[in-house]
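Subject: Structure handover

Hello,

Please find the structure below, followed by notes on what was found in it.

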Amino acid sequence: MSPINITTSAANRAAIAPATAPGSASGATAFKVDSPYVRYTDGAIESDYLYDTTIVSRDIETGQLRAKPTKVHYQFQTKTNVGRVGLMLVGWGGNNGSTVTAAILANKQRISWETRKGTQEPNYFGSVMMASTVKLGVDENLRDVYVPFNEVVPMAHPNDIVIGGWDINSMNIGDAMRRAQVFPVDFQRRVYDELKSLKPLPS
């Protein structure tokens, strides 16, 4: 389990979130469930869930409605072995394709760059999956416990995604990034050599 960071919030309640390393691998989870309805095997998380619902019928003779509480048993299996994920982009050499490729490369290789405010480190701020948390429950002191959204179940980490794609323009992704003019000049300079070797398939 990841280390725990505790920050004080309003009314002396604490928001607790595992401090995940920036380059954590695909499939990492922040917690395990201690329940007779959840089982961990070598390759999966298996769980049983009883869904409470009510089946409503109408008496043929009286026309009166009859409500019958019912439990429906569901079984779920979540594989813990996250396979490789490939992303093929149509229009890879466009603004969006070249920008997302450069951003993932910078995060994966921890490439920093200089701005007028100082050195900027890469991060996934702005990503719902990578930068948000969900409430897991409360601790023994009734303080809220939060975990990273991307560590609730095993899922692929963006740094592990293999990117490719097509474009009607044969320009390499490094030059396409420069043409887009989205990133600061120093960032473009630091990632260019890696990106210039990437070239879209003909569209």
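Buried here means under 20% relative accessible area. By that cut-off, 29% of the 203 residues of the chain count as buried. Please keep in mind that this is a predicted model.

Overall make-up

The secondary structure comes to four helices and twelve strands. About 13600 Å² of the chain is exposed, and carbon and sulfur atoms supply 54% of that area. Among contacts between residues at least 6 apart in sequence, 58% join residues at least 24 apart.

The nonpolar core

The largest nonpolar core has 17 residues. Within this core, the residues with the most contacts are A102, M177, F187, V191 and L195. Three helices each supply at least two of its residues: α1 (95-109), α3 (173-180) and α4 (185-195). The largest share, four residues, comes from α1.

A102 is a useful place to begin looking at the core. Leaving aside its neighbours within four places in sequence, A102 is in contact with M177, F183, F187, V191 and L195.

For α4, the buried residues are D186, F187, Q188, V191, Y192 and L195. What lies over them? The cover for the buried residues of α4 includes α1, α3 and the strand β7 (113-115).

The parallel sheet

One open sheet is formed by three strands in the order β6-β11-β12, with parallel pairing. Its edge strands are β6 (86-90) and β12 (201-202), each of which pairs on one side only.

- β6 and β11 (residues 162-167) run parallel and are joined by five bridges.
- Along this pairing, G86 stands opposite V162 in β11, and L89 stands opposite G165 in β11.
- β11 and β12 also run parallel, joined by two bridges.
- In that pairing, W166 stands opposite L201 in β12.

As background, strands of a sheet pair through backbone hydrogen bonds, either parallel or antiparallel. The next sheet is of the second kind.

The antiparallel sheet

Three strands form an open sheet in the order β3-β4-β5, and the pairing is antiparallel. Here the edge strands are β3 (38-40) and β5 (65-79), each pairing on one side only. Neighbouring strands of this sheet are turned by 20° against each other on average, with direction ignored. Three bridges join β3 to β4, and these two strands run antiparallel. V38 has S47 as its bridge partner in β4.

Two residues of β4 were looked at individually.

The first is I45, which lies in strand β4. Is I45 buried or exposed? I45 counts as buried because its relative accessible area is 18%, and the cut-off is under 20%. Not counting residues up to four places away in sequence, I45 touches V38, R39, Y40, F76, Q77, T78, T80 and P154. One of these, T78, is 33 residues away from I45 in sequence, while the C-alpha to C-alpha separation in space is 5.0 Å.

The second is D48, which has its place in strand β4 (residues 44-58). Which side chains make polar contacts with the side chain of D48? H73 does so at 2.9 Å, and Q75 does so at 3.1 Å. Leaving aside neighbours within four places in sequence, the residues in contact with D48 are Y37, R39, H73, Y74 and Q75.

A buried aspartate in β10

D144 has its place in strand β10 (residues 144-148). Its relative accessibility is 13%, so D144 counts as buried. The side chain of D144 makes a polar contact of 3.2 Å with the side chain of K135.

Points to look at when opening the file

- The core around A102, where M177, F187, V191 and L195 are among the contacts.
- The polar contacts of D48 with H73 and with Q75.
- The D144 to K135 side-chain contact at 3.2 Å.
- The approach of I45 to T78, 5.0 Å between C-alpha atoms.

Regards

Terms used. Residues are numbered from 1 along each chain as its sequence is written. This is a predicted model: local features need pLDDT of at least 70, side-chain atom pairs count only at pLDDT 80 or more; totals for chains, interfaces and linings use all residues. Side-chain values use heavy atoms; hydrogens and water are left out. A nonpolar core is a set of buried Ala, Val, Leu, Ile, Met, Phe, Trp, Tyr and Cys residues joined through side-chain atoms within 4.5 Å. Buried means under 20% relative accessible area, exposed over 50%, partly exposed in between (1.4 Å probe, protein chains only). Contact means heavy atoms within 4.5 Å. Two strands pair if DSSP finds at least two bridges between them. A polar contact is a pair of N or O atoms within 3.5 Å; within protein, one must be able to donate a hydrogen and the other to accept it, and residues adjacent in sequence count only if both atoms are side-chain atoms. Accessible areas come from the Shrake-Rupley method with a 1.4 Å probe; for residues, only the protein chains shown count as cover. Axes are lines fitted to C-alpha atoms, for helices over the stretch in contact, and angles run from 0 to 180 degrees between N-to-C directions.
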